[in-house]
Amino acid sequence: MTEELMPTGNSKAIVTNQTGIHEKLEEVVLKHLKHPSKKPYQAHTVEAFEAIDAIVQSFTGEVILDSCCGVGQSTRLIAQQNPNALVIGVDKSANRINRNVDEVLDADKDKPVDNFHLIRADLNDFYRLVLAAKWPVTKHFVLYPNPWPKSKHLQRRWHGSAVFSEMIQIGQQMILRSNWRLYLEEFNAAVEIAGLKGQFSVVADEQPLTPFEAKYQASGQECFQLAININQP
Ligand SMILES: C[S@@+](CC[C@H](N)C(=O)[O-])C[C@H]1O[C@@H](n2cnc3c(N)ncnc32)[C@H](O)[C@@H]1O
């Protein structure tokens, strides 16, 4: 994560040279739907996946995935709210994943939770492994993904990435949040190309789910949610 994307006290609104949905979106999405990623897996992600896969395969309840979880505050809150689920937070940053989440979530002290795991892995590989292993994911959260607001960086956004095809086959429902509505509009346009459709709302939770959400709200920015039903059995 770059410095400008850290949740400091001065969370700036998105600055972009894009005025609407990217003109190359359809071309890029169709290319990735037709030709999913064949990139070799990175060893550290395979190792991390195999360790958590053993836990998932021996678990009988619902699995919730919290992608790009940062320090894991949302993972922990979702675990508290879903005590019978196994909640798995994934982030590629070792620094964020290994940070003591107790420091981040004081509110947790009276209500210890142990039904979650934080995994350091690259989702470009992890998603493909999750799909191949048929994890029984109910909800898949993607909260405040890096927006990559410059037009030339479309392919760094999740909907412009080579793993988009696998990403949108995971879980029964995907829930994305962003302070950049256009990111979500573009994601929705991309899932429509794949035959799905999302629903927009404004985030109005009393307790912010993540540090980024807290900072955006504290600086008066609206945060948006896109919920997509994938409707797998
Ligand atoms: C803007 S931060 C949001 C963190 C957290 N969800 C929040 O709202 O506070 C985006 C996070 O996505 C993670 N990330 C970006 N690309 C990733 C990838 N390919 N695999 C796993 N994590 C990734 C970054 O490390 C970073 O922690």
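**Loops, a helix and a pocket in a predicted model**

Trp148 is situated in the loop that connects β4 (137-143) with α7. In this predicted model, Trp148 adopts a positive phi of about 45° although it is not a glycine, and its relative accessibility of 27% places it in the partly exposed class, because that class begins where the buried class, under 20%, ends. A second residue of this kind is Cys68, which lies in the loop between β1 (63-67) and α3. The phi of Cys68 is near 55°, again a positive value in a residue other than glycine, and Cys68 counts as partly exposed at 22% relative accessibility.

The chain to which these loops belong has 233 residues, of which 49% count as buried, and its secondary structure comes to nine helices and seven strands. Among the contacts in the protein chain with a separation of 6 or more, 81% are accounted for by residues 24 or more positions apart. The surface that the protein chain exposes amounts to about 11,800 Å², and 49% of this area is supplied by carbon and sulfur atoms.

Cys68 also appears in the description of the largest pocket, which has a volume of about 730 Å³. The lining of this pocket is made up of 38 residues, and those closest to its centre are Cys68, Lys92, Pro145, Asn146 and Trp158. By residue class, the lining of the largest pocket divides into 19 nonpolar, twelve polar and seven charged residues. At least two lining residues are supplied by each of α3 (73-81), β2 (86-91), α6 (123-132) and α9 (211-218), and α9 gives the most, with three residues.

Helix α8 (residues 181-193) was examined for its length and its surroundings. Its 13 residues should span 18 Å at 1.5 Å a residue, and the C-alpha atoms at its ends are 19 Å apart, which agrees with that expectation. The buried residues of α8 are Leu182, Tyr183, Leu184, Glu186, Phe187, Asn188, Ala190 and Val191. In general, an α-helix has 3.6 residues a turn, so residues three or four places apart point the same way. The cover over the buried residues of α8 includes the helices α1 (25-34) and α7 (164-167), together with the strands β5 (173-178), β6 (198-202) and β7 (224-229). Just after α8, Gly195 takes a positive phi of about 90°.

Two further residues, Ile52 and Ala204, illustrate opposite degrees of exposure, since Ile52 counts as buried at 2% relative accessibility, whereas Ala204 is exposed, with a relative accessible area of 69%. Ile52 has its place in helix α2 (residues 43-57), and, when residues up to four places away in sequence are not counted, Ile52 touches Ile88, His117, Ile119, Phe126 and Trp135. One of these partners, Ile119, is 67 residues apart from Ile52 in sequence, while the two are 8.0 Å apart in space, C-alpha to C-alpha. Ala204, by contrast, is found in the loop between β6 and α9. Between Ala204 and Glu222 the separation is 18 residues in sequence and 9.1 Å in space, taken from C-alpha to C-alpha.

Terms used
Residues are numbered from 1 along each chain as its sequence is written. This is a predicted model: local features need pLDDT of at least 70, side-chain atom pairs count only at pLDDT 80 or more; totals for chains, interfaces and linings use all residues. Side-chain values use heavy atoms; hydrogens and water are left out. On a 1 Å grid over the protein atoms alone, a cavity is a set of points where a 1.4 Å probe fits but cannot get out, and a pocket is an open set with protein on both sides within 12 Å along at least five of seven lines; lining residues have an atom within 4 Å of a point. Grid points are joined across faces, edges and corners, and a volume is the space filled by probe spheres set on the points. Helices (H or I, at least four residues) and strands (E, at least two) are DSSP runs, numbered from the N terminus. Ala, Val, Leu, Ile, Met, Phe, Trp, Tyr, Cys and Pro count as nonpolar, Asp, Glu, Lys and Arg as charged, and the others, Gly among them, as polar. Buried means under 20% relative accessible area, exposed over 50%, partly exposed in between (1.4 Å probe, protein chains only). Contact means heavy atoms within 4.5 Å. Accessible areas come from the Shrake-Rupley method with a 1.4 Å probe; for residues, only the protein chains shown count as cover. The expected span of a helix is 1.5 Å times one less than its number of residues.
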